[in-house]
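Biologist: I have a new model open and a list of "why do you call it that" questions. Could you take me through the reasoning behind the labels?

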Amino acid sequence: MTLSEENYLKAIFHLFNENNEEVSTNAIAEAMATKASSVTDMLKKLADKKLINYRKYQGVTLTPKGRQKAIAIVRKHRLWEVFLVEKLHFSWDEVHEIAEELEHIQSDKLIERLDKFLGYPEKDPHGDPIPNKEGVIENSIKILLSDLNEGDKGVCAAVKNTSKEFLVYLNKMHIALGNEIEVISKEPFDNSMQILVSGKEVNLSAMVCRNIYING
């Protein structure tokens, strides 16, 4: 498979998991930052390889073969992120782009040894579950910070948005995985929140709250 084909499979995998429904061409185009016509051409190639189920104007799903390949890519990506943070001491906002390159290395033996070297981690630095070598993903129960109410507490378990910009922002707000968050107040008008985290009171917009997962 080409790099581009792998990137498309991974994008379809993530988009399907967000809504648990067929993925539209426009959603893929937005995720891949490309034109819908280019997406259509790639979808035809992936369908020819029996990696996706593609019906024009109906949306896309992964075939069992396509899902298996997508999960393998996700597994490599998340293991490399753990390696970069734990062994090379990158911060969580620096590793995504590097792992995007490393995830395309075609060596099962390397990935199995990496997994063993890291002690078989279950989560990446952003709180996302790492598929095991059989492709099984253990998803824990998480709720969005935006779903909490005044007085509620929870532990930051993962982030929905893993962009460098968002993670740098969370660093400034003293928000990291494992930190307890208490909702001091919630504004009815726009659902923004005032929270207590790391001993500091912080104001967060509704958009930020919709991108932070709390252990439920």
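Modeller: Gladly, and let me begin with touching: a contact means heavy atoms within 4.5 Å. By that rule Asn 191 touches Lys 186 and Ala 206, leaving out residues up to four places away in sequence. Please keep in mind that this is a predicted model.

Biologist: Thanks! Where is Asn 191, and why is Asn 191 called partly exposed?

Modeller: Asn 191 sits in the loop between S5 and S6. Its relative accessible area is 40%; buried means under 20% and exposed means over 50%, so Asn 191 falls in between and counts as partly exposed. As for its surroundings in space, the C-alpha atoms of Asn 191 and Asp 147 are separated by 9.6 Å, with their positions 44 residues apart along the chain.

Biologist: Let me step back to the whole protein. How many helices and strands are there, and how do you know whether the radius of gyration agrees with a compact globule?

Modeller: There are eight helices and eight strands. For 216 residues, the rule for a compact globule gives a radius of gyration near 17 Å; the protein has 19 Å, which agrees. Along the principal axes, the C-alpha atoms fill a box of roughly 55 × 45 × 25 Å. Of the 216 residues, 41% count as buried. Among contacts with a separation of 6 or more, 61% join residues 24 or more positions apart.

Biologist: Now the helices. What makes H1 and H4 roughly perpendicular?

Modeller: The axes of H1 (residues 3-19) and H4 (residues 64-86) cross at roughly 95° and come within 9 Å. Angles of 65 to 115 degrees count as roughly perpendicular, and therefore H1 and H4 earn that description. On the H1 side, the contact is made by Glu 6, Leu 9, Lys 10, Phe 13, His 14 and Asn 17. The H4 side includes Gly 66, Arg 67, Ile 73 and His 77. By type, the residues of this contact divide into six nonpolar, four polar and five charged.

Biologist: Ile 73 is in that contact. How do you know whether Ile 73 is buried or exposed?

Modeller: The relative accessible area of Ile 73 is 3%. The limit for buried is under 20%, so Ile 73 is buried. Ile 73 lies in helix H4 and touches Glu 6, Lys 10 and Glu 103, residues up to four places away not being counted. Ile 73 and Gln 106 are 33 residues apart in sequence, yet 9.8 Å apart in space, C-alpha to C-alpha.

Biologist: And Phe 117, why is it called exposed?

Modeller: Phe 117, found in helix H6, has 53% relative accessibility. Exposed means over 50%, so Phe 117 counts as exposed. Phe 117 still touches Phe 83 and Lys 87, with residues up to four places away left out. Its C-alpha atom is separated from that of Phe 83 by 9.1 Å.

Biologist: What makes a group of residues a nonpolar core, and which members of the largest one touch the most others?

Modeller: The members must be buried residues of the nonpolar kinds, joined through side-chain atoms within 4.5 Å. The largest core has 21 residues, and Leu 145, Leu 170, Ile 175, Ile 181, Ile 195, Leu 204 and Ile 212 touch the most other members. Elements that each supply at least two residues include strand S4 (153-159), helix H7 (164-172) and strand S5 (180-186). Another core, of 19 residues, lies apart from it, with Leu 9, Leu 15, Leu 43 and Val 60 among them.

Biologist: What about Val 183: buried or exposed?

Modeller: Val 183, in strand S5, has a relative accessible area of 1%. Set against the limit of under 20%, that makes Val 183 buried. Among the residues it touches are Leu 145, Met 193 and Ile 195.

Biologist: Last one. What stands out about the phi of Tyr 120 and of Ser 198?

Modeller: Tyr 120 has a positive phi of about 55° although it is not a glycine, and Ser 198 likewise has a positive phi of about 55° without being a glycine. Tyr 120 is in the loop between helix H6 (108-117) and strand S3 (142-144), while Ser 198 is in the loop between S6 and S7. Tyr 120, at 51%, passes the over 50% limit and so counts as exposed. Ser 198, at 45%, is partly exposed.

Notes: Residues numbered from 1 in each chain as written. Predicted model: local features only at pLDDT ≥ 70, side-chain atom pairs only at ≥ 80, totals over all residues. Heavy atoms only, no water. Axes fitted to C-alpha atoms, helices over the stretch in contact; angles between N-to-C directions. Helix = DSSP H or I, 4+ residues; strand = E, 2+ residues; numbered from the N terminus. Parallel < 35°, antiparallel > 145°, perpendicular 65-115°, else oblique. Nonpolar A, V, L, I, M, F, W, Y, C, P; charged D, E, K, R; others polar. Buried < 20%, exposed > 50% of the residue type's maximum accessible area, 1.4 Å probe, protein only. Rg over C-alpha atoms; globule rule 2.2 N^0.38 Å.
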